[in-house]
Amino acid sequence: MIIVVDGLNRHMFSEVLDEMFELRARVFGERLGWDVNIQDGKEIDEFDHLDPAYVIGLDDEGNVVAAVRALQTTGPHMLSDVFSAILCGEAPLRSATMWESTRFCVDTQRLTRGKDKNSVSYATCELMIGSLEYAKNAGIQDIITVIDPVMDRVLKRSNCAPYDYVGKTVPMGKVHALAALLDCTDERIAGLREFAGIRNDVFIDEDDALALFAAKKAAARAPANQDHKPLTDLEKYFVEQMSAATTEAERQDVLKLIEALSNTFTPEQKTALLQTPRAFAHEA
Amino acid sequence: MEIVDLSTLPDSEVRYTEFLRQICDKHEMDHAAYAGMNPAAGTVAGFVTYDDAWTEHYQNQGLIMVDPTIHMARRSIAPVDWSRLERSPDFQRVFRDASDFGLSNQGVTIPVRGPYGDIGLLSATRNCSKEEWRKLYTHVISDLQSMAVHIHDHVVSTDELTNALYHPTLSSREAEILQWVAAGKSQQDIGDILSISHRTVEVHLRSSREKLSALTTPQAVGRAIAIGLITPG
């Protein structure tokens with residue numbers, strides 16, 4: 001799932017942003033060895049203070065697994081400033097319909113190989129689809145993106161090869177960096193979707209995202225079945241019903257049933273069942 | 001109809017309002033407004049197509065202090081559809097008044113960020129069904145983005161200090177492509193000559209036009225020649 005966090009809604013998603021800054025510290029500071037500023041385990045630079053837009057990929061539990069940052073090219077952005085080496089001192093492109101994307105990263109520790117839903121490949125494609133669709137809906141026609149050669153190869157393999165490059169490839173930390181051009185066309189998005197097998201709407205709306213994060217926090221605060229007592233048959237039944245529920249109405253019905261039979265549970269069991277059906281499902 | 005480049009309109013305050021009217025005509029909007037903030041010059045500029053009655057009310061009530069289409073939209077990099085602001089009490093406050101003046105609360109604000117901390121906001125509003133609005137939005141948003149930057153660059157460069165800072169710098173690739181245009185080559189030809197994709201040519205031309213505050217490529221060529229960035233023909 002993809003959520004877009006910008007200057008308008010960032011006050012609601014500060015914890016998600018913190019998680020993203022921590023992921024960026026691991027990726028750019030440790031793995032790629034870039035000269036980035038890390039404080040309290042978070043990588044934050046001056047462009048993060050300019051109200052950029054973040055396109056953030058989440059897994060089903062609401063963990064940040066991928067992220068990228070977008071800025072307008074009409075104002076201050078990285079290629080006009082810190083990445084000027086890539087452009088060999090030349091003036092950067094400036095266009096109302098071109099955005100710059102930087103700090104593209106994917107959590108390779110949490111994700112797996114292969115192409116299924118929890119893979120690096122899936123998360124990368126989903127994030128690309130999210131960024132291209134967000135840009136296209138904003139009337140943006142092209143994206144200039146600063147990436148490393150590995151990411152460049154991933155794009156080519158994923159049916160999303162850049163149509164050109166600007167400037168040259170320069171050494172940066174343990175790797176190299178380059179600036180690639182991507183068009184935000186339906187053809188490119190369709191190509192990516194076909195490659196990754198993603199047909200659904202990738203975006204999660206603000207309310208759903210807030211609900212997801214609330215559930216995640218509740219699970220962390222009061223881990224379900226903390227003492228690992230074997231589940232009773234009734235608990236198992238609820239877990240089954242909860243996993244089988246496909247609509248919100250069905251989910252609500254299960255919760256109502258739990259409430260109705262609440263005197264058969266200890267208060268702890270009841271809280272756990274109501275707040276973290278997912279965690280229970282995981283253990284069943 | 002085609003929108004006339006701002007620099008070719010008579011030099012007066014009225015030309016910005018005229019430009020906004022043209023945007024409304026071309027893109028089927030009821031009204032358009034521009035607000036610009038230039039901290040380098042310490043100036044604020046505003047131009048609207050609204051009736052005087054609403055403009056006066058807006059000023060007298062100090063609505064500019066709370067108007068979220070200004071204060072919220074400037075924090076986005078993407079155009080802000082006003083439906084995104086609906087829940088804010090300030091939005092309710094401004095648009096309850098606006099509806100008394102027959103104005104719709106359906107609209108979009110396009111934020112522009114300039115290089116020196118300058119910010120421009122182009123808003124457009126249209127009273128129509130939601131479906132119609134969605135369609136119109138998708139159709140015109142790209143062009144509105146370009147219009148927003150065009151009016152913003154022109155307003156900002158009327159300030160002498162900022163104008164001096166706004167001196168356009170083309171990359172050698174941009175200059176090279178513009179030079180081939182001046183020599184009469186088509187975009188396709190230029191792509192072949194330089195062994196680059198057609199889209200790369202287009203993207204560089206778009207950037208050059210914008211840096212030279214021109215809406216069309218011939219205008220950009222003329223200006224580039226005038227300030228000596230390329231040579232004639």
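Across the interface of chain A and chain B, 7 salt bridges are found in this predicted model. One of the pairs that cross between the chains joins B:R87 to A:D207, with 3.2 Å between the closest N and O atoms. Side chains of opposite charge can pair in this way when their charged atoms come close. Polar contacts add to the picture: 25 residue pairs, both partners at pLDDT 80 or more, are in polar contact between chain A and chain B.

On the chain A side, several elements each supply at least two residues to the surface that touches chain B, namely the strands β5 (64-72), β6 (98-106) and β9 (175-183) and the helices α2 (120-137) and α5 (206-221). The largest share, 3 residues, comes from β5(A). Sorted by class, the side of chain A that touches chain B holds 18 nonpolar, 11 polar and 10 charged residues.

It is helpful to set these pairs beside the extent of the interface. The contact draws on 39 residues of chain A and 38 residues of chain B. Between them, the two chains bury about 3100 Å², and carbon and sulfur atoms account for 48% of that area. Within chain A, the residues that lose the most area to chain B are A:L8, A:Q72 and A:R94, which together make up 24% of what that side buries.

Salt bridges are also counted beyond this interface: the total over all chains comes to 32. A pair inside chain A offers a good example, with the side chains of A:R69 and A:D45 meeting in a salt bridge at 2.7 Å, N to O. A:R69 lies in strand β5 of chain A, while A:D45 sits in the loop between β3 (42-43) and β4 (53-58) of chain A, so the pair ties together parts that are 24 residues apart in sequence.

Turning to domains, the assignment for chain A gives domain 1 (2-207) and domain 2 (222-283). Taken over C-alpha atoms, the centres of these two domains of chain A are separated by 38 Å.

For chain B, the assignment gives domain 1 (6-163) and domain 2 (169-226). The C-alpha centres of domain 1 and domain 2 of chain B lie 30 Å apart. Their contact takes 6 residues from domain 1 of chain B and 5 residues from domain 2 of chain B. The area buried between these domains of chain B is about 500 Å², with 55% given by carbon and sulfur atoms. What polar pairing is there between domain 1 of chain B and domain 2 of chain B? The count is 1 residue pair in polar contact, with both residues at pLDDT 80 or more, and 0 salt bridges. On the side of domain 1 of chain B that touches domain 2 of chain B, the classes are 2 nonpolar, 3 polar and 1 charged residues.

Chain B also contains an open sheet of 5 strands, arranged in the order β2-β1-β5-β4-β3 with antiparallel pairing. The edges of this sheet are β2 (43-48) and β3 (80-81) of chain B, each of which pairs on one side only. The edge strand β3(B) is joined by 2 bridges to β4 (residues 107-113) of chain B, and these two strands run antiparallel. A position to look for in the model is B:D81, which stands opposite B:V108 in β4(B).

Key. Residues are numbered from 1 along each chain as its sequence is written. Chains are lettered from A and ligands numbered from 1 in the order in which they are written. This is a predicted model: local features need pLDDT of at least 70, side-chain atom pairs count only at pLDDT 80 or more; totals for chains, interfaces and linings use all residues. Side-chain values use heavy atoms; hydrogens and water are left out. Domain bounds come from an automatic or database domain assignment. Contact means heavy atoms within 4.5 Å. Buried area is the accessible area (1.4 Å probe) that two parts lose on being put together, summed over both. A salt bridge is a side-chain nitrogen of Lys or Arg within 4 Å of a carboxyl oxygen of Asp or Glu. A polar contact is a pair of N or O atoms within 3.5 Å; within protein, one must be able to donate a hydrogen and the other to accept it, and residues adjacent in sequence count only if both atoms are side-chain atoms. Ala, Val, Leu, Ile, Met, Phe, Trp, Tyr, Cys and Pro count as nonpolar, Asp, Glu, Lys and Arg as charged, and the others, Gly among them, as polar. Helices (H or I, at least four residues) and strands (E, at least two) are DSSP runs, numbered from the N terminus. Two strands pair if DSSP finds at least two bridges between them.
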